Amino acid sequence: MGVSKATCFRKLKAMTGQSYTNFVRDIKMKAAMKLQQENPNIRISDLAYAVGFSDPKYFSACFKKYYGKLPSEVAEDKRDKITSNNKENP
């Protein structure tokens, strides 16, 4: 790109208002939620690895901080919603 890492990070911060780390984490969290919604039966560790986390416990902590719920709670809510929809529309 022709700029230093520090300059690139400064420009990213100016454009988004977020640090590089937070910007990347936001993208990962949004991707995780999308994958979770598409497949509520996915294991949390598989979800963590799919979006680029190497530690499922750290992923769960970040997810809870970002969304206010653990990934397992989101999956359970989605499974309950699917089950209730199936009961209403046989």
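Start by selecting Met-29 in this predicted model. Beyond its neighbours within four places in sequence, Met-29 is in contact with Phe-53, Phe-59, Cys-62, Phe-63, Tyr-66 and Tyr-67.

Next, widen the selection to the nonpolar core around it. Met-29 is one of 11 residues in the largest nonpolar core. The other members are Ala-32, Met-33, Leu-47, Ala-48, Val-51, Phe-53, Phe-59, Cys-62, Phe-63 and Val-74. Which helices each supply at least two residues of this core? Colour helix H2 (20-38), helix H3 (44-50) and helix H4 (56-67), and you have them. As background, nonpolar side chains in soluble globular proteins tend to be buried together.

Stay on helix H2 and select Gln-36, which is found there. Is Gln-36 buried or exposed? Its relative accessible area is 0%, so Gln-36 is buried. Show its surroundings, leaving out residues up to four places away in sequence: Gln-36 touches Ile-44, Leu-47, Pro-71, Val-74 and Ala-75. Two of these names, Leu-47 and Val-74, are also on the list of core residues.

Now move along helix H2 to Glu-38. Glu-38 counts as exposed because its relative accessibility is 56%, and the cut-off for exposed is over 50%. Draw a distance from the C-alpha of Glu-38 to that of Phe-63: the separation is 17 Å in space and 25 residues in sequence. Phe-63 is a core residue and a contact of Met-29.

Turn to the charged pairs. How many salt bridges does the count come to? The count is 2. In general, side chains of opposite charge can pair when their charged atoms come close.

- Select Arg-43 and Asp-46. Their side chains meet in a salt bridge, at 3.5 Å from N to O. Arg-43 is exposed, at 54% relative accessibility, while Asp-46 is partly exposed, with a relative accessible area of 34%.
- Select Lys-69 and Asp-77. They form a salt bridge in which the closest N and O atoms are 2.4 Å apart. Lys-69 is partly exposed, with a relative accessible area of 35%, and Asp-77 is also partly exposed, at 36%.

Go back towards the N terminus and select helix H1, residues 5-16. H1 has 12 residues and reaches 16 Å from its first C-alpha to its last, close to the 16 Å expected at 1.5 Å a residue. Step just past H1 to Gly-17, where phi is positive, at about 80°.

Finally, zoom out to the whole chain. The secondary structure comes to 5 helices and 0 strands, and from the N terminus on the elements run α-α-α-α-α. The radius of gyration is 17 Å, well over the 12 Å that the globule rule gives for 90 residues, so the chain is more spread out than a compact globule. Aligned along the principal axes, the C-alpha atoms fill a box of roughly 60 × 25 × 25 Å.

Colour the chain by accessibility: 21% of its 90 residues count as buried. The accessible surface comes to about 6,400 Å², and carbon and sulfur atoms hold 55% of that area. For a contact map, take the contacts with a separation of 6 or more; residues 24 or more positions apart account for 46% of them.

Definitions and conventions:
Residues are numbered from 1 along each chain as its sequence is written. This is a predicted model: local features need pLDDT of at least 70, side-chain atom pairs count only at pLDDT 80 or more; totals for chains, interfaces and linings use all residues. Side-chain values use heavy atoms; hydrogens and water are left out. A nonpolar core is a set of buried Ala, Val, Leu, Ile, Met, Phe, Trp, Tyr and Cys residues joined through side-chain atoms within 4.5 Å. Buried means under 20% relative accessible area, exposed over 50%, partly exposed in between (1.4 Å probe, protein chains only). Helices (H or I, at least four residues) and strands (E, at least two) are DSSP runs, numbered from the N terminus. Contact means heavy atoms within 4.5 Å. The expected span of a helix is 1.5 Å times one less than its number of residues. A salt bridge is a side-chain nitrogen of Lys or Arg within 4 Å of a carboxyl oxygen of Asp or Glu. The radius of gyration is taken over C-alpha atoms; the globule rule is 2.2 Å times the number of residues to the power 0.38. Accessible areas come from the Shrake-Rupley method with a 1.4 Å probe; for residues, only the protein chains shown count as cover.
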